[in-house]
Amino acid sequence: MTRALKVVAYAVNGAGVGHLTRVLALLRWMRRLALCAGRQLDVYVLTTSEAGSLALREGFAVFKLPSKTAARAAGLPKKDYLRVARQWVWHSIGLLQPDLLVVDTFPGGTFGELGPVLDVPARKLFVCREVKAGFDAAGFAAWLPFYDRIVVVGEGGVVRHSSDNDFYLSTPADPFWEETVEEPVNGIVFPAAVRSRVRRVPPILLREPEELHDRTTARRRLGIPDGALALWLSAGGGGDAMAERTLAALVAALEPLDDIHLVVGAGPLFTGAPRRGRSITWLTEPLVVEDFAGLDAAISAAGFNATHELLAAGVPTALFAQEKIADDQAARVARLAAAGAVLPLLLDADGTPDAAGLAAVIADLRQPEVRARLRAQAQSVVVLGGARQSAWYALQLVLDAGELQAATARATMRLCRWLERRRLDAESCARLWALTAAVTDGDELAEWLEAIPEGVTLEDMLTFLRRLPRLANIADLEHAFGLWQRLAEALKAVGDERARTMFLRQMPWSRQAAPEDQVRVLTAFLSAVGTAGESLYRALGVLERHTAGVESDPWQWLSAVLKAAEEVRHGHSGGA
Amino acid sequence: MHVSQFLSLAQQRRMELQRALAALPTELMGRHREREKALDQLREKTLDALAEVNLPTLDQATLDAVERFTGYGRFRGLNLAAHLAAERERLTQRIAVIMADERFVRREELLDPTAGVLTLRARQAREELALIESGLQRYEQEPDFLDLYRRGYRTPSYRQSVLSLQYYKDWKRGDEITEKFGCKTFSEVRAAYENLLRGKAVCQQTLKSIEDDIRQVRELITELNTAHQRLGNLPQAVLGDFRRMLREHLALADRKQLFQWAGGDRVRESLIKQLDGIERQIAYTKAMVEHRLEEERRYLSEQLTRLNQKIAKYSRQKYQNAWLSPNKAQAWLRDPRERLAAQRERFWRQYDRVATYDRYDRYDFAADMLWWDVITDGRLDGDFIPEVYQYRQAHPGYTYVRPPEPQSTYYQGIDVS
């Protein structure tokens with residue numbers, strides 16, 4: 001088996017959810033592409049985010065350090081905390097010796113600790129999101145030459161994207177480093193030495209619209225009554241100091257409105273008092289984005305992820321800005337409002353919404369034509385595929401071009417979903433790709449793979465396919481899948497999974513007889529096994545006994561299988 | 001040492017090494033096959049014992065319990081009394097059918113060794129066949145006849161050019177053969193030969209048909225005897241059938257699953273562990289001996305290559321009067337089999353340790369254990385065995401610790417041999 005690729009993702013940036021969400025979205029697609037290349041990805045996420053449940057839901061192991069907020073709340077001395085944090089990051093990276101280090105937002109590390117270890121990983125990727133103008137831009141630029149690839153995450157409404165690969169981008173190739181690098185990008189001026197390593201990508205989202213639940217399912221999951229206007233309220237991940245006050249004020253103002261059902265995304269970090277009621281759905285779990293199709297409108301803080309998730313899902317949204325250290329939410333609101341994609345909402349200094357402004361926003365959001373206009377405009381300002389494209393750039397550093405190209409062609413959403421549902425490991429995938437090399441398109445593969453009955457594992461299918469002559473083209477593959485489907489259908493009716501696996505591994509097979517004839521008689525045999533209530537283990541024994549020594553004679557072999565079926569049917573070999 | 005003396009000794013050593021290399025599989029595999037046979041027999045006995053433990057008697061309660069302990073569901077819902085009655089009925093009907101069969105009724109008349117109808121017909125057919133074959137031999141033993149016949153001499157398929165010498169040779173031999181068999185043309189000789197061939201085919205067909213008839217009558221007699229025996233001791237015969245069916249299931253059933261099905265029953269668990277252990281012993285000993293064979297083959301081949309290189313070098317003209325340092329020459333001529341013998345002795349000790357292991361009770365299906373470590377007490381490196389290698393890869397930093405001895409008479413109290 002090919003060696004696993006070790007990836008360390010550095011998402012150390014306060015207690016919030018945003019940076020972890022971005023990194024997990026990138027890692028999720030890296031894992032998908034790696035699986036489609038048949039490569040194992042061992043991912044270690046280092047983070048200070050207090051929303052570890054998000055990583056758990058996404059199936060990533062998180063190595064966690066308390067956030068500065070948590071350390072402060074626990075009364076830990078800042079110097080001790082910083083010493084431990086730096087050592088912890090150094091030792092983690094030094095011990096893991098990753099093939100690829102992915103660093104989010106702070107190229108030198110939040111504590112400035114990455115400098116001494118940047119020579120350890122083989123390749124390094126920096127995910128550059130927008131930071132407020134003047135946010136130590138010079139310090140940022142000094143670290144950039146250490147990185148092999150810099151992915152600049154675009155903002156909705158202003159993005160242009162690189163496209164030196166075949167992603168589904170709406171924009172043409174962008175010689176970014178030649179044209180725009182003189183200007184600050186995401187608050188940073190890129191030094192000349194790194195310009196050729198910079199790539200722009202659309203916003204990195206954890207879920208693309210096509211991965212969301214349909215509207216009916218989403219509304220059922222959110223508990224929204226029929227006919228009600230579902231209004232999403234959110235103050236970000238819930239960690240903001242003003243979050244509780246803002247949400248409480250919004251809920252108090254909107255709860256009396258009978259035609260509105262409030263879906264409050266308090267966020268995984270919310271620690272205040274929940275507000276529940278007949279017309280309120282109160283949520284603190286991560287990944288609510290999957291149900292965004294059930295919403296009619298939203299009032300949300302203008303955090304990067306929340307904003308782009310709502311816009312991408314086409315939810316008519318009013319945004320308000322929160323004060324953040326690095327994120328300029330006010331600028332984002334202004335930019336999107338100017339583009340006609342959102343409605344702006346002002347908050348007072350105490351974090352409560354301006355009453356008149358809120359009433360005006362609600363009045364607007366109640367009008368279907370305003371919602372339709374906002375929806376259309378919102379979807380037009382967000383380009384999709386940022387997570388996938390960033391993952392592609394990351395893997396480009398560690399996989400060879402041919403391997404990545406094949407993986408990219410395979411990694412359609414349909415195939416990725418099938419792989420995730422079946423929980424396939426990289427080794428099985430590698431064998432599957434080797435056997436199905438004739439088919440390069442992921443959707444085409446998915447169509448065949450989806451036809452595999454649920455009770456039968458992919459390993460079983462691979463065991464069967466390996467017995468067939470080499471699959472040279474799509475027609476061969478189609479034929480092989482057809483045979484497998486017939487056999488699997490017959491097999492799933494008998495025995496348990498372990499017995500079926502054993503049967504397929506040891507099932508007698510003749511290289512001389514035509515596969516379709518063999519499948520025909522084996523199906524008849526399995527049908528006899530099912531009818532007689534015979535154990536699959538004994539059936540295998542009977543089959544082996546009958547077919548021993550006749551593999552070279554197709555006619556005898558097929559007759560032997562039918563005789564075995566006869567014996568299984570009668571419980572004995574006949575005669576006295 | 002003079003180079004000629006060295007070359008003579010080296011060639012002798014080379015021959016010995018080539019012989020040793022050729023004899024390697026026999027030497028190693030011979031001893032292994034004996035041991036493997038013994039382990040196979042032990043496995044068969046254990047399977048018999050396991051089938052017997054799970055199906056000690058033929059009664060409804062025992063049959064109903066089979067699935068719970070073995071996962072074998074074929075007896076689920078089987079009504080024993082009805083099954084026995086149906087089987088008795090089947091046998092009775094079969095006996096009646098056989099006894100009414102004309103071939104069976106006339107069996108003595110047909111098969112009597114001296115005057116039986118079929119016996120006489122078969123003898124006659126064999127005699128006729130022998131006669132035809134002797135006639136055919138006359139032709140076939142005639143030099144060049146078969147060659148001319150196969151090449152179609154004097155037929156349209158004859159392709160010899162008139163410009164070739166062979167054409168005239170064929171002509172001459174054809175005339176001589178025609179004259180010898182008293183015919184006018186070679187075509188007459190051919191026709192006579194083909195007549196005999198057709199006669200042989202017909203005769204063979206007749207003989208085969210008679211022999212089939214004889215076999216069928218004998219089968220009827222055998223089947224009737226078996227049916228009578230079975231009917232006379234039907235419960236025992238059915239118990240034997242059921243045990244055979246159960247045994248076939250047990251032979252391939254997943255061992256861990258089987259152990260779970262045993263549900264804590266000590267006797268069953270002990271037999272399942274023994275069965276699994278023996279199967280691992282069979283696999284391990286095979287892997288060990290194959291690995292050893294490969295190592296020895298590689299070592300001897302390397303030594304042989306080196307010796308060949310020396311022979312090639314010192315066979316050159318410029319060395320024909322050279323003198324070699326005796327120490328060097330002795331080193332080159334040293335017999336590598338001495339070193340192998342010591343290694344092999346150690347190998348067989350390790351091999352026997354694996355092959356003769358019998359403390360199967362030490363294995364624990366519930367724990368993530370490796371039979372190899374249990375058998376070798378974790379002292380032998382088994383990374384050449386895929387199962388062991390994969391286990392070690394999946395458990396980096398793993399060291400085997402022998403589990404404490406079972407407290408009860410789990411092992412000592414049961415005789416499973």
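I began by noting what a helix is here, because I needed the term for my later salt-bridge entry: a helix is a DSSP run (H or I) of at least four residues, and helices are numbered from the N terminus. I also wrote at the top of the page that this is a predicted model.

**Entry: a pair in helix α19 of chain A**

I looked up Glu489(A) and found that Glu489(A) forms a salt bridge with Lys492(A), with the closest N and O atoms 3.7 Å apart. Where do Glu489(A) and Lys492(A) sit in relation to each other? Both belong to helix α19 (residues 474-492) of chain A, and because they are three residues apart there, about one helical turn separates them. I then checked how far each is covered: Glu489(A) is partly exposed, with a relative accessible area of 42%, and Lys492(A) is partly exposed as well, at 38%.

**Entry: a pair in helix α3 of chain B**

I turned to Glu87(B), which forms a salt bridge with Arg90(B), the closest N and O atoms being 2.9 Å apart. These two are three residues apart in helix α3 (residues 80-100) of chain B, so they are separated by about one helical turn. Is Glu87(B) buried or exposed? I found a relative accessibility of 6% for Glu87(B), and since buried means under 20%, Glu87(B) counts as buried. Its partner Arg90(B), on the other hand, is partly exposed, with a relative accessible area of 30%.

**Entry: a pair that joins two helices of chain B**

I next followed Lys200(B), whose side chain meets that of Glu133(B) in a salt bridge, at 3.9 Å from N to O. This pair links distant parts of the chain, with Lys200(B) in helix α9 of chain B and Glu133(B) in helix α6 (residues 117-140) of chain B, 67 residues apart. Lys200(B) counts as partly exposed at 23% relative accessibility, and Glu133(B) is partly exposed at 30%.

While I was in helix α9 (residues 186-232) of chain B, I also looked at Glu194(B), which lies in that helix. Glu194(B) is partly exposed, with a relative accessible area of 25%. From C-alpha to C-alpha, Glu194(B) and Leu136(B) are 9.2 Å apart in space, although 58 residues apart in sequence.

**Entry: salt bridges overall**

I noted that the count comes to 74 salt bridges over all chains. I also found a network of salt bridges that links Arg28(A), Arg32(A), Glu58(A), Arg207(A), Glu211(A), Glu290(A) and Glu420(A).

**Entry: patches on the surface**

Which residues gather in a patch of negative charge on the surface? I listed Asp441(A), Asp443(A), Glu447(A) and Glu478(A). Of these I placed Asp441(A), which lies in the loop between α16 (426-435) and α17 (442-449) of chain A, and which counts as partly exposed at 33% relative accessibility.

In chain B I found a patch of positive charge on the surface, where Lys313(B), Arg316(B), Lys318(B) and Lys328(B) gather. Lys313(B) is found in helix α12 (residues 266-314) of chain B and counts as partly exposed, at 33% relative accessibility.

I also wrote down a nonpolar patch on the surface, formed by Val162(B), Leu163(B), Tyr168(B) and Trp171(B), which together have about 460 Å² of accessible area. Tyr168(B) belongs to helix α8 (residues 165-180) of chain B, and I recorded Tyr168(B) as partly exposed, at 42% relative accessibility.

**Entry: Leu562(A)**

I looked up Leu562(A), which has its place in helix α23 (residues 554-570) of chain A and is partly exposed, with a relative accessible area of 43%. What does Leu562(A) contact, leaving aside its neighbours within four places in sequence? I found Val521(A) and Ala524(A). The C-alpha atoms of Leu562(A) and Phe525(A) are separated by 6.6 Å, while the two residues are 37 residues apart along the chain.

**Entry: each chain as a whole**

For chain A I noted 23 helices and 13 strands, with buried residues making up 56% of its 576 residues. The accessible surface of chain A comes to about 22,900 Å², and 53% of this belongs to carbon and sulfur atoms.

For chain B I noted 16 helices and zero strands, with buried residues making up 41% of its 417 residues. Chain B exposes about 24,000 Å², of which carbon and sulfur atoms supply 51%. Among the contacts in chain B with a separation of 6 or more, 74% are accounted for by residues 24 or more positions apart.

Definitions and conventions:
Residues are numbered from 1 along each chain as its sequence is written. Chains are lettered from A and ligands numbered from 1 in the order in which they are written. This is a predicted model: local features need pLDDT of at least 70, side-chain atom pairs count only at pLDDT 80 or more; totals for chains, interfaces and linings use all residues. Side-chain values use heavy atoms; hydrogens and water are left out. Patches are made of residues with over 30% relative accessible area and no salt bridge: like charges are joined within 9 Å, nonpolar side chains (Val, Leu, Ile, Met, Phe, Trp, Tyr) within 5 Å. Accessible areas come from the Shrake-Rupley method with a 1.4 Å probe; for residues, only the protein chains shown count as cover. A salt bridge is a side-chain nitrogen of Lys or Arg within 4 Å of a carboxyl oxygen of Asp or Glu. Lys and Arg count as positive and Asp and Glu as negative; His and the chain ends are not counted. The place of a charge is taken as NZ of Lys, CZ of Arg, CG of Asp or CD of Glu. Buried means under 20% relative accessible area, exposed over 50%, partly exposed in between (1.4 Å probe, protein chains only). Contact means heavy atoms within 4.5 Å.
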